[in-house]
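Reader: I should be grateful for a close examination of a single part of this structure, followed outward to its surroundings. Please state the cut-offs behind each term as it arises.

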Amino acid sequence: MEVKVCGPGCASCEKTQKIVEAAVAAKGVGAAIIKVKDFQEIAKLGIFSTPAVVVNGVVKCVGRVPKQSEVEEWLS
């Protein structure tokens, strides 16, 4: 499983990354968490607002910090 956290590194992006890490740990799934900071790479994913979360190539959240429970559902 691959989870991308997209954003330049702002406070919301950092919070999103921590939530994703906590959700992966809580679910006990094997997931590579990749931080994408390059705006061109983010735009290639069709994302134009950050923070954003992409799970296995599917955009799950754009422009807001997700709840940990949401992220856990995406990992199921």
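**A helix position and its surroundings**

Author: Glu21 has a relative accessible area of 38% and is therefore classed as partly exposed; buried denotes a value under 20%, exposed one over 50%, and partly exposed the range in between, with a 1.4 Å probe and protein chains only. The model is a predicted one, in which local features need pLDDT of at least 70 and side-chain atom pairs count only at pLDDT 80 or more, whereas totals for chains, interfaces and linings use all residues. Residues are numbered from 1 along each chain as its sequence is written, and side-chain values rest on heavy atoms, with hydrogens and water left out.

Glu21 belongs to helix H1, which spans residues 11–27. Helices (H or I, at least four residues) and strands (E, at least two) are DSSP runs, numbered from the N terminus. The C-alpha atom of Glu21 is separated by 7.5 Å from that of Ile33, a residue 12 places away along the chain.

Ile33 also appears in the surroundings of Gln17, another residue of H1. Gln17 is buried, because its relative accessible area is 16%. When neighbours within four places in sequence are set aside, Gln17 is in contact with Val5, Ile33 and Lys35, contact being defined as heavy atoms within 4.5 Å.

Two of these contact partners of Gln17, Val5 and Lys35, lead to the strands beside the helix. Val5 stands opposite Lys35 in S2. Strand S1 (residues 2–6) and strand S2 (residues 32–36) run parallel and are joined over 5 bridges; two strands count as paired if DSSP finds at least two bridges between them. S1, H1 and S2 together make a β-α-β unit of right-handed sense. A crossover is called right-handed if, with the strands pointing away from the viewer, the path from the first strand over the helix to the second runs clockwise.

H1 lies across S1, S2 and S3, and its direction makes an angle of about 175° with that of S2. Here axes are lines fitted to C-alpha atoms, for helices over the stretch in contact, and angles run from 0 to 180 degrees between N-to-C directions.

These strands are part of an open sheet of 4 strands in the order S2-S1-S3-S4, with mixed pairing. S2 and strand S4 (58–62) are its edge strands, each pairing on one side only. On average, neighbouring strands of this sheet are turned by 20° against each other, direction being ignored.

On its other side, S1 adjoins strand S3 (residues 52–55), in an antiparallel pairing over 4 bridges. Within S3, Val54 stands opposite Lys4, and Ala52 stands opposite Cys6. Both faces of S3 are covered: Ala52 and Val54 on one side, and Val53 and Val55 on the other, are all buried. S3 is preceded by a loop from helix H2 (39–44), and Pro51 is found in that loop. The peptide bond that joins Thr50 and Pro51 is cis, with omega at about 0°.

S3 and S4 are likewise antiparallel, over 4 bridges, and Cys61 in S4 is the bridge partner of Val53. The two strands form a hairpin with 2 residues between them. Asn56 lies in the loop between S3 and S4; although not a glycine, Asn56 has a positive phi of about 50°. Its relative accessible area of 47% is the reason why Asn56 is classed as partly exposed.

For the wider setting, the protein chain has 3 helices and 4 strands, and its elements run β-α-β-α-β-β-α from the N terminus on. The radius of gyration of the protein chain is 11 Å, close to the 11 Å that the globule rule gives for 76 residues, so the chain is as compact as a globular protein of that length. That radius is taken over C-alpha atoms, and the rule is 2.2 Å times the number of residues to the power 0.38. Along the principal axes, the C-alpha atoms of the protein chain fill a box of roughly 30 × 25 × 15 Å.

Buried residues make up 32% of the 76 residues. Among contacts between residues at least 6 apart in sequence, 64% join residues at least 24 apart. The accessible surface of the protein chain is about 4100 Å², with 51% of it belonging to carbon and sulfur atoms; accessible areas come from the Shrake-Rupley method with a 1.4 Å probe, and for residues only the protein chains shown count as cover.
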